[in-house]
Amino acid sequence: MADWIPDGIDLSRPSAARVYDYFLGGGHNFEVDRVFAERALAAHPFGRELAVINRTFVRRAVQFMLERGIRQFLDLGSGIPTVGNVHEIAGEGTRVVYVDCDDVAVAHTRLMLRDSDRATIVHADAARPDDVLGAPETRRMLDFGQPVGVLAATVFHYVSERQDPFGAAARYREAIMRGSYLAVSHLSSDGLPVRVGQMAELMKESQNNVHPRTRVEIARLFGDFEMVAPGLTGVAHWESERPTDAGRHEDVGLLLQAGIGRKP
Ligand SMILES: C[S@@+](CC[C@H](N)C(=O)[O-])C[C@H]1O[C@@H](n2cnc3c(N)ncnc32)[C@H](O)[C@@H]1O
């Protein structure tokens, strides 16, 4: 068996990490994920585009933070590495802790990082911040006496109310010092509520239920952080590198609200 395939993984249901990998053209997914992904694309043809736009947001968020002197990153729900992983974007002189709960994402990230001394992965539930922040890898890699860039791109919508995403986000905000940043993208029920409802319904067949939230709820994840322009907005608005496409992406982009906040 290939070394990125961990023993005992659940192949009976697709996983969000593996479906997302398929959307992005990665090769770390299985038949069950591909069949599901194709069904999702038949119902929502823009799914792949949305994944790509979201990756653009992640890249821009990292670049934005780098330009403001951030040298350490905590990437919650980091996914299966494809292209443009955070430690590659961030480059030399930076440190990155990836966090994911998906076995394939963790195994493949470990493999990718086996020779790296400036990036690591924690196998944990991002909704349990004490597990993440207290993990030996996190403590070894990140200095919380210096600003940290926390990335939570399309992860908190996998966290139910019962698991308390707002409490978890507050704990991460509290752990990082003044001048640190938090970037979030999150499935939103405001823009295209019927579409997003159908997507959430479909995801019930996977290992990861989704919990779309209103823009007001998503804004709560930032607490009292100062929002960076253009604020919490449709993810396509972060895509100014491809301005010619912006109109086409506008609608689709509303499915994800995305923003960056700075700890005052
Ligand atoms: C759609 S992918 C996003 C990957 C990357 N953050 C990005 O935006 O490109 C979502 C990832 O979040 C992970 N995930 C979902 N719920 C999680 C949780 N409670 N804790 C940690 N990871 C989680 C999934 O396994 C998956 O890899």
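Trainee: How many residues line the largest pocket?
Mentor: This is a predicted model, where local features need pLDDT of at least 70 and side-chain atom pairs count only at pLDDT 80 or more, while totals for chains, interfaces and linings use all residues. Residues are numbered from 1 along each chain as its sequence is written, and side-chain values use heavy atoms, leaving out hydrogens and water. A pocket is an open set of points on a 1 Å grid over the protein atoms alone where a 1.4 Å probe fits, with protein on both sides within 12 Å along at least five of seven lines, and lining residues have an atom within 4 Å of a point. Ala16, Tyr20, Thr154, His157 and Tyr158 lie nearest the centre, and the full lining count is 44.

Trainee: Which element gives the largest share of that lining?
Mentor: Helices are DSSP runs (H or I, at least four residues), numbered from the N terminus. Six lining residues come from one helix, and that is H3.

Trainee: Where does the ligand sit?
Mentor: A molecule sits in a pocket if more than half of its atoms lie within 2 Å of the pocket's grid points. By that test, the ligand sits in the largest pocket.

Trainee: Which side chain has an N or O atom 2.8 Å from a nitrogen atom of the ligand?
Mentor: A polar contact is a pair of N or O atoms within 3.5 Å. An oxygen atom of the ligand is 2.8 Å from the side chain of Asn54. For the nitrogen atom, the partner at 2.8 Å is the side chain of Asp125.

Trainee: How much of the ligand's area does the protein bury?
Mentor: Accessible areas come from the Shrake-Rupley method with a 1.4 Å probe. Taken alone the ligand exposes 590 Å², and the share of this buried by the protein is 96%.

Note on methods. Polar contact = N/O pair within 3.5 Å; in protein donor to acceptor, adjacent residues only side chain to side chain. Helix = DSSP H or I, 4+ residues; strand = E, 2+ residues; numbered from the N terminus.
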